[in-house]
Amino acid sequence: MIIGIDIDDTLTDIRDKLKEALIQYAKKIGKYNENEEKYIPDNNDGNVIKEKYNLTHDELRVFFNEIHDKITKKAKPREGAKEVIDKLKSDGNKIYIITARDYELHDNPYALSKNWLDKNGIKYDKLIVNARDKSKICKEENVELFIDDQLANCIKLDEQGIKVIRITNYEEKHGTIVNKKN
């Protein structure tokens, strides 16, 4: 089986650290918005952050290159993630790491991702960056199961007939998506 797995908030658990850093950054540049909790569908291109905090593209790049990347480099794998991937690999599955990290918002998303995976001993067969449309990438790569945290991605994948496990604390049902806390 070919299994696709996202990195940020799937292999890692950095959502709270990133949110705290983003709020501090927004306050520092005078863009903090008390309404930052409203839901905005995520297009994997920084649109949510730009809209919630009224950031310019340059301000968004600064956040990703100087703050986001620093946090992600130090992030530890989510508890049990490495062991599960080791087991999946030993069972003969192929692991494709598929991330929306892109060259528009990161200086070198491939190196950033590869270095983190290698540093943490995460085994994989293929690393794909710049995957804003994960359902399209998964179809092209014949991914049969995808693990991600982002609801919008999971819904699109589910609609394409790809089995999905969503890493989330929420329990609401969406199609055939399986919710897991870890």
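This is a short back-and-forth about cores, burial and helix packing in a predicted model.

User: Let's start inside. What makes the largest nonpolar core a core, and which of its residues touch the most other members?

Analyst: A nonpolar core is a set of buried nonpolar residues joined through side-chain atoms within 4.5 Å. The largest such set here has 34 residues, and I5, L11, I49, I95, I97 and L117 touch the most other members. Several elements each supply at least two residues, including strand 1 (2-5), helix 3 (57-74), helix 5 (109-119) and strand 4 (145-148). Helix 1 gives the largest share, six residues.

User: What does L117 touch, leaving aside its neighbours within four places in sequence?

Analyst: L117 is in contact with I7, L11, I97, I122, Y124 and L127. There's also a second, separate core of 14 residues, with I128, L157, I162 and I177 among them.

User: Why is T10 called buried?

Analyst: Buried means under 20% relative accessible area. T10 comes in at 4%, so T10 counts as buried. That residue lies in the loop between strand 1 and helix 1. Beyond its neighbours within four places in sequence, T10 is in contact with I5, R78, I147, D148, D149 and I167.

User: On to the helices. Why is helix 3 called roughly parallel to helix 5?

Analyst: Their axes cross at roughly 20° and come within 9 Å. Angles under 35 degrees count as roughly parallel, so helix 3 is roughly parallel to helix 5. In the contact, D69, T72, K73 and K74 of helix 3 meet L112, W116 and K119 of helix 5. By class, that contact has two nonpolar, one polar and four charged residues.

User: And what makes helix 1 oblique to helix 3?

Analyst: The axes of helix 1 and helix 3 cross at roughly 140°, coming within 11 Å. Roughly antiparallel needs an angle over 145, and roughly perpendicular runs from 65 to 115. The crossing fits neither class, nor is it under 35 degrees, so helix 1 is oblique to helix 3. The crossing is right-handed.

User: Which residues make the contact between helix 1 and helix 3?

Analyst: From helix 1 you get K17, L18, A21, L22 and Y25, and from helix 3 E59, V62, F63, I67, H68 and I71. They divide into eight nonpolar, one polar and two charged residues.

User: How do you know that helix 6 and helix 7 are oblique to each other?

Analyst: The axes of helix 6 and helix 7 cross at roughly 40° and come within 8 Å. Roughly parallel would need an angle under 35 degrees, and roughly perpendicular starts at 65. The angle falls between those limits, so helix 6 and helix 7 are oblique. Helix 6 passes helix 7 in a right-handed crossing. The contact is made by K134, S135 and C138 of helix 6 with N153, K156 and L157 of helix 7. That contact splits into two nonpolar, two polar and two charged residues.

User: Which residues of helix 7 are buried, and what covers them?

Analyst: In helix 7 (residues 151-159), the buried ones are L151, A152, N153, C154, L157 and D158. Their cover includes helix 6 (134-141), strand 4 and strand 5 (163-167).

User: What is the phi of G161, the residue that follows helix 7?

Analyst: The phi of G161 is positive, near 85°.

Conventions: Residues numbered from 1 in each chain as written. Predicted model: local features only at pLDDT ≥ 70, side-chain atom pairs only at ≥ 80, totals over all residues. Heavy atoms only, no water. Buried < 20%, exposed > 50% of the residue type's maximum accessible area, 1.4 Å probe, protein only. Helix = DSSP H or I, 4+ residues; strand = E, 2+ residues; numbered from the N terminus. Contact = heavy atoms within 4.5 Å. Axes fitted to C-alpha atoms, helices over the stretch in contact; angles between N-to-C directions. Nonpolar A, V, L, I, M, F, W, Y, C, P; charged D, E, K, R; others polar. Left-handed = near helix turned anticlockwise from the far one by under 90°.
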